[in-house]
Amino acid sequence: WEFDGVDLPAGIVQVDPLRGTLEVGEATTLRVQFSAESPCVVDLALPLYLDGDKQRAYLSLYIKARAVRPRILFDRAEAVLPPVPLGVTSTVAFFAVNDGYDNVEVTHKLPADTAKVPLAIYYPEGTMLGLAKQRLPVVLSFTSRKPMSFTAKVYLIDQDGRRFPIIVSGTADNSVLSVQPWLRANKKQYDIVSQQGKPLLLYPKGELDLGAGKRGPAKAKAKGARGDAKADAQPAKDGEDAPPDAVGVAPVGGVPPILPEWPAKESLTKAIAEAEAEAGVLQPWIRSFLLDVQGSKAFPQGQIAAKGRPLMDILEAVSGKSVSSTIPREVSSIIGHPPKSRVALTRALQRQYEAILTFLKQHGALLGGVRPEDMLSKEDYLRWHSAQRSARAREAAKAAKAAVGAMGGTGASG
């Protein structure tokens with residue numbers, strides 16, 4: 001027997017032995033060694049020939065290997081801080097994941113413009129990653145006294161200065177529509193007070209005599225709930241608020257659970273039903289005071305079926321500006337005359353919603369945490385992400401193949 005080793009990348013993959021003789025009932029052990037000095041991927045088939053007959057392989061030995069530099073990964077692609085009222089601290093927790101380090105102390109770089117992106121970072125369990133600690137919890141928080149929305153990158157940095165970014169989005173607003181999820185989640189802790197000719201005010205439960213329309217004795221606490229809370233995170237206190245190895249500043253109001261979990265099916269179903277009920281209230285208002293939206297389907301089914309046209313009609317009615325003119329002509333053409341390829345139509349819809357969101361942000365909409373693909377149907381959303389993963393995989397394979405070739409490999413595919 002003999003392996004054809006012509007496709008083995010020189011100095012990277014070694015198979016020993018490459019040939020030999022087997023008697024009846026005998027066995028032999030093969031040793032495959034992979035050693036790379038730079039990032040690369042090896043994916044090849046090594047044909048096995050018997051008795052010198054190289055016209056037809058008896059079988060093939062498949063070898064797959066990957067070499068990467070040590071790096072820091074994250075348990076999610078993006079960290080989204082929940083929208084909150086002004087003066088309320090929003091927090092999000094995620095994991096930094098060790099991929100290849102024996103031991104590394106993590107540092108960070110926050111956005112330089114703290115006025116536009118007022119982020120604080122906190123490490124509840126210290127800043128060391130390594131063989132004994134593969135996942136490191138990280139908590140981000142922000143508070144703003146002014147309405148704002150942002151999307152930025154936070155970098156975690158290893159001891160060699162290599163940066164690993166995670167996208168962070170957050171919103172603070174004084175609109176009950178923007179912060180509706182927060183209000184729903186905290187409805188047992190706060191009262192919303194409406195007075196003639198005055199804006200809505202937010203008070204902790206028990207801090208206001210609703211019958212008299214006056215504050216209760218705890219005046220200072222009520223003031224904080226209205227949006228005058230301290231904007232900066234406060235240092236963690238010793239003892240129960242932070243473990244001994246915690247680093248950074250703990251968010252005002254405490255640290256969220258460190259183990260992020262997907263919501264249970266029951267709570268998710270309830271949240272969807274509440275969102276649909278809220279949309280059911282909003283749609284009649286739009287029809288009464290703005291325009292009669294096309295279609296009779298409920299939100300979001302009607303919006304999806306009409307390929308975003310109702311949304312553009314509403315925005316044009318409110319702003320007096322042309323939204324459709326901001327959408328590239330080729331995108332409008334694909335949406336107006338859908339091709340056979342559903343992937344092409346999905347990409348066109350994603351680009352259309354991207355243009356709409358850009359228009360909204362340019363006119364002051366606080367939509368830092370909204371992505372164009374979020375506005376697609378479920379099927380198109382999955383299709384778009386699948387296409388994105390395939391594109392990234394092709395780019396990675398192309399780069400890996402080039403790396404193997406530069407290291408002296410011939411004919412390896414990855």
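**Sheet, helix α7 and a nonpolar patch**

Strand β1 pairs with strand β4 (residues 40-49) in the antiparallel sense, over two bridges. In this predicted model, the bridge partner of F3 is L48 in β4. Both strands belong to an open sheet of three strands, arranged in the order β1-β4-β5 with antiparallel pairing. The edges are taken by β1 (2-3) and β5 (59-67), each of which has a single partner strand, so one side of each is left without a neighbour in the sheet. In general, the strands of a sheet pair through backbone hydrogen bonds, either parallel or antiparallel.

Helix α7 covers residues 342-362. With 21 residues at 1.5 Å a residue, α7 should span 30 Å, and the C-alpha atoms at its ends are 30 Å apart, which agrees. The buried residues of α7 are L345, T346, A348, L349, Q350, Q352, Y353, A355, I356, L357, F359 and L360. Just after this helix, G364 adopts a positive phi of about 95°.

A nonpolar patch of about 520 Å² on the surface is formed by L282, W285, F289, L290 and V318. Helix α3 (residues 265-289) supplies three residues, the largest share of this patch. Another patch member, L290, is located in the loop between α3 and α4 (301-305). The relative accessible area of L290 is 33%, and this residue is therefore classed as partly exposed. That value also meets the patch criterion, for which a relative accessible area of over 30% is required.

Methods
Residues numbered from 1 in each chain as written. Predicted model: local features only at pLDDT ≥ 70, side-chain atom pairs only at ≥ 80, totals over all residues. Heavy atoms only, no water. Patch = residues over 30% accessible without salt bridge, like charges linked within 9 Å, V, L, I, M, F, W, Y side chains within 5 Å. Areas by Shrake-Rupley, 256 points an atom, 1.4 Å probe, with all protein chains shown as cover. Salt bridge = Lys/Arg side-chain N within 4 Å of Asp/Glu carboxyl O. Helix = DSSP H or I, 4+ residues; strand = E, 2+ residues; numbered from the N terminus. Buried < 20%, exposed > 50% of the residue type's maximum accessible area, 1.4 Å probe, protein only. Expected span 1.5 Å × (residues − 1). Pairing = 2+ DSSP bridges.
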